[in-house]
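Me: I would like a close look at a single part of this structure, namely one arginine and the partner with which its side chain pairs. Please begin there and then continue to the other contacts, explaining each step formally, as for a first-year student.

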Amino acid sequence: MGVSIRRSLRLEDLLQRDVYDVDEKPHIEIPRGRDAQEGLPAKALALLCPAGCYTLTPSGELIFSYEGCVECGLCRVVSPKGKIRWEYPRSGRGIVYRFT
Ligand code: SF4
């Protein structure tokens, strides 16, 4: 009979294993101010970004910080086309995943 080892890892634990080489040039930019952000799915971005890069303020403005981005692309997919500028970080920068 084999031995079964169950481990449960939280997303936060997994992300802490990764290494970031943050590019000083933001690879994602969003409009600033509530008026300019009209049409962005603010609540969805604040709830769904796995790295917590989006914060919705009490006034309804979306605050964004790109430094912890895991480059999943979710915000690009759920936002209207052209509303945010999304690129991968410049070569060699950004997140380096560790799978061990
Ligand atoms: S690409 Fe993913 S991790 Fe990065 S800001 Fe967008 S939703 Fe968050």
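Reply: R85 is partly exposed, because its relative accessible area of 26% lies between the 20% under which a residue is buried and the 50% over which a residue is exposed. The model discussed here is a predicted one. The partner of R85 is E29, and the closest N and O atoms of this salt bridge are 2.9 Å apart. Since E29 lies in strand β2 and R85 in strand β5, the pair ties together parts that are 56 residues apart in sequence. E29 is partly exposed as well, with a relative accessible area of 41%.

Side chains of opposite charge can pair when their charged atoms come close. How many salt bridges does the structure hold? There are eight salt bridges in the structure.

A network of salt bridges links D21, D23, E24, R90 and R93. Within this network, R90 meets D23 in a salt bridge with an N to O distance of 2.6 Å. D23 belongs to the loop between β1 (19-21) and β2 (28-29), while R90 belongs to the loop between β5 (85-86) and β6 (94-96), so this pair ties together parts that are 67 residues apart in sequence. D23 has a relative accessible area of 3% and is therefore buried, as the value is under 20%. R90, by contrast, is partly exposed at 41%.

R90 also meets the side chain of E24 in a salt bridge, at 3.1 Å from N to O. This pair again links distant parts of the chain: R90 is in the loop between β5 and β6, E24 is in the loop between β1 and β2, and the two are 66 residues apart. Is E24 buried or exposed? E24 is exposed, because its relative accessible area of 59% is over 50%.

The next topic is the aromatic rings. A search of the whole structure finds two aromatic pairs. In one of them, the ring centres of Y54 and F64 are 4.6 Å apart and the planes stand at 40°, so the pair is tilted. Y54 is in strand β3 (residues 54-56) and F64 is in strand β4 (residues 62-64), so that the pair links parts of the chain ten residues apart. Y54 is buried, with a relative accessible area of 4%.

W86 and Y88 form an edge-to-face pair, with 4.9 Å from centre to centre and 80° between the planes. The two partners of this pair differ in how they are covered: W86 is buried at 10% relative accessible area, whereas Y88, at 57%, counts as exposed.

Two further parts remain to be described. The first is the ligand, which has 13 residues around it, and C49, C69, C72, G73 and C75 come nearest. By class, this shell has eleven nonpolar residues, one polar residue and one charged residue.

The second is a nonpolar patch on the surface, formed by L9, L11 and L14, which together have about 250 Å² of accessible area. L9 is placed in the segment before α1 (11-16). With a relative accessible area of 46%, L9 is partly exposed.

To return to the starting point, R85 in strand β5 is tied to E29 in strand β2, and both residues of this pair are partly exposed.

Note on methods: Residues numbered from 1 in each chain as written. Predicted model: local features only at pLDDT ≥ 70, side-chain atom pairs only at ≥ 80, totals over all residues. Heavy atoms only, no water. Phe/Tyr/Trp six-rings, centres within 6.5 Å; stacked < 30°, edge-to-face > 60°. Helix = DSSP H or I, 4+ residues; strand = E, 2+ residues; numbered from the N terminus. Buried < 20%, exposed > 50% of the residue type's maximum accessible area, 1.4 Å probe, protein only. Near = heavy atom within 4 Å. Nonpolar A, V, L, I, M, F, W, Y, C, P; charged D, E, K, R; others polar. Patch = residues over 30% accessible without salt bridge, like charges linked within 9 Å, V, L, I, M, F, W, Y side chains within 5 Å. Areas by Shrake-Rupley, 256 points an atom, 1.4 Å probe, with all protein chains shown as cover. Salt bridge = Lys/Arg side-chain N within 4 Å of Asp/Glu carboxyl O.
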